[in-house]
Amino acid sequence: MMQRRHEPDTFQDEDLSMQMHLKEPLPHEESSSKKNARNFWDQPTLRRVALVGIALIVLFLALVIRNRTKPILRMRTAPSSSSSSQSQSSVFKILQIADIHLGEAEDLDWGPEQDRKTWIVLDTVIGLEQPDLIVLTGDQLTANNCKGNATAYYQMLGRRLSRYHTPWALIFGNHDDADYEDESASKSYPAKYRRDDLLRIDQQFTNSLTRGLNYVLDVHDDKKTVVAQIYMLDSGGGSLPLQITQDQIDWLQQQRDPNIPAVAFQHI
């Protein structure tokens, strides 16, 4: 008995090939989704809105990343001064810098020379001391001698401090946003900037821990427990009354934990 040889189902294969071919778009045709996308970007207003939205997202992500990379203040271990060679103690070294008065007499020969010597002193002292935190306690500028370029001096200061890879924090003094004084005409002119402008300049640097006019910094141990606090108080001057106000005292008392060692800095 002859067996019937199985023939491939050519008609079914041809039908399937035909269906697959019909599903493929013709070369000259464009899918509706592509048309919609092209039409969207052809509209100037919608394109601008989309680009602004993308820019805001990128800016937000940059701020998040920058805030996450801010240094955390921690105690470090160092050999103890006791007689036992095996003992160690926790230390946190603060270097205070005050009244460097950048920009003073900027129109005279001795003014820029004074700034140059200031940079040399900072390089030397910070290199020798190797502090855990640099605290600048006011009068970083002699703003009454700056003709409107005071923010440029804060840019220079931030770039210089960034070289040391050491966190810093600052408060203002009575000269940082003082009115410009024209001694030749015996006149003074309102400053073109205020403390908020200088804050924005300083806070753009990664190692700056400056948080405002009055704020507190926590120092942690290796278990992330707060073991010390640093209070920064703006004593005014320039655009503010030259004083520590009752509101600041009340704030300090509310923040203060009597069980945590603390130190406070102010300019005057």
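**Strand pairing, cores and a buried asparagine**

Strand 8 and strand 9 (residues 226–232) run antiparallel and are joined by six bridges. The structure described here is a predicted model, and the account starts from this pair of strands before turning to the rest of the chain. Within the pair, Asp-218 stands opposite Gln-229 of strand 9, while His-220 is placed opposite Val-226, which also belongs to strand 9. The two strands form a hairpin in which five residues lie between them, and Lys-224, in the turn, has a positive phi of about 70°. In general, the strands of a sheet pair through backbone hydrogen bonds, and the pairing can be either parallel or antiparallel.

The hairpin is part of an open sheet of three strands, arranged in the order 8-9-10 and with mixed pairing. Strand 8 and strand 10 (262–265) occupy the edges, and because each has a single partner strand, one side of each is left without a neighbour in the sheet. On average, and with direction ignored, neighbouring strands of this sheet are turned by 20° against each other. Although strand 8 is an edge strand of the sheet, five of the six residues of strand 8 (residues 215–220) are buried, so this strand is largely enclosed by the rest of the structure. Helix 7 (residues 246–255) lies across strand 8 and strand 9, and runs at about 175° to strand 9.

The loop between strand 8 and strand 9 also contains Lys-223. With a relative accessibility of 69%, Lys-223 counts as exposed, because the limit for that class is over 50%. Lys-223 and Arg-74 are 149 residues apart along the chain, yet their C-alpha atoms are separated by 9.7 Å.

For the protein chain as a whole, the secondary structure comprises seven helices and 10 strands. Of the 268 residues in the chain, 33% are buried, and the accessible surface comes to about 17800 Å², of which carbon and sulfur atoms account for 55%. Among contacts with a separation of 6 or more, 67% are made by residues that are 24 or more positions apart.

In soluble globular proteins, nonpolar side chains tend to be buried together. In the present model the largest nonpolar core has 26 residues, of which Ile-97, Ile-134, Leu-136 and Leu-141 touch the most other members. Two or more residues of this core are given by each of strand 3 (94–97), helix 4 (110–129), strand 4, helix 5, strand 5 (168–171) and helix 6 (195–203), and the largest share, five residues, comes from helix 5. Apart from this core lies another one, of 14 residues, which includes Leu-73, Leu-209, Val-219 and Ile-230. When neighbours within four places in sequence are left aside, the contacts of Leu-141 include His-101, Leu-102, Ala-150, Tyr-153 and Tyr-154, and Leu-141 is likewise in contact with His-175, Asp-176, Tyr-193 and Leu-198.

Asn-145 is located in the loop between strand 4 (133–137) and helix 5 (150–162). The relative accessible area of Asn-145 is 17%, and Asn-145 is therefore classed as buried, the limit being under 20%. A polar atom of the Asn-145 side chain lies 2.9 Å from the backbone nitrogen of Ala-105. Beyond its neighbours within four places in sequence, Asn-145 is in contact with Gly-103, Glu-104, Ala-105, Glu-106 and Tyr-180.

Note on methods: Residues are numbered from 1 along each chain as its sequence is written. This is a predicted model: local features need pLDDT of at least 70, side-chain atom pairs count only at pLDDT 80 or more; totals for chains, interfaces and linings use all residues. Side-chain values use heavy atoms; hydrogens and water are left out. Helices (H or I, at least four residues) and strands (E, at least two) are DSSP runs, numbered from the N terminus. Buried means under 20% relative accessible area, exposed over 50%, partly exposed in between (1.4 Å probe, protein chains only). Contact means heavy atoms within 4.5 Å. Accessible areas come from the Shrake-Rupley method with a 1.4 Å probe; for residues, only the protein chains shown count as cover. A polar contact is a pair of N or O atoms within 3.5 Å; within protein, one must be able to donate a hydrogen and the other to accept it, and residues adjacent in sequence count only if both atoms are side-chain atoms. A nonpolar core is a set of buried Ala, Val, Leu, Ile, Met, Phe, Trp, Tyr and Cys residues joined through side-chain atoms within 4.5 Å. Two strands pair if DSSP finds at least two bridges between them. Axes are lines fitted to C-alpha atoms, for helices over the stretch in contact, and angles run from 0 to 180 degrees between N-to-C directions.
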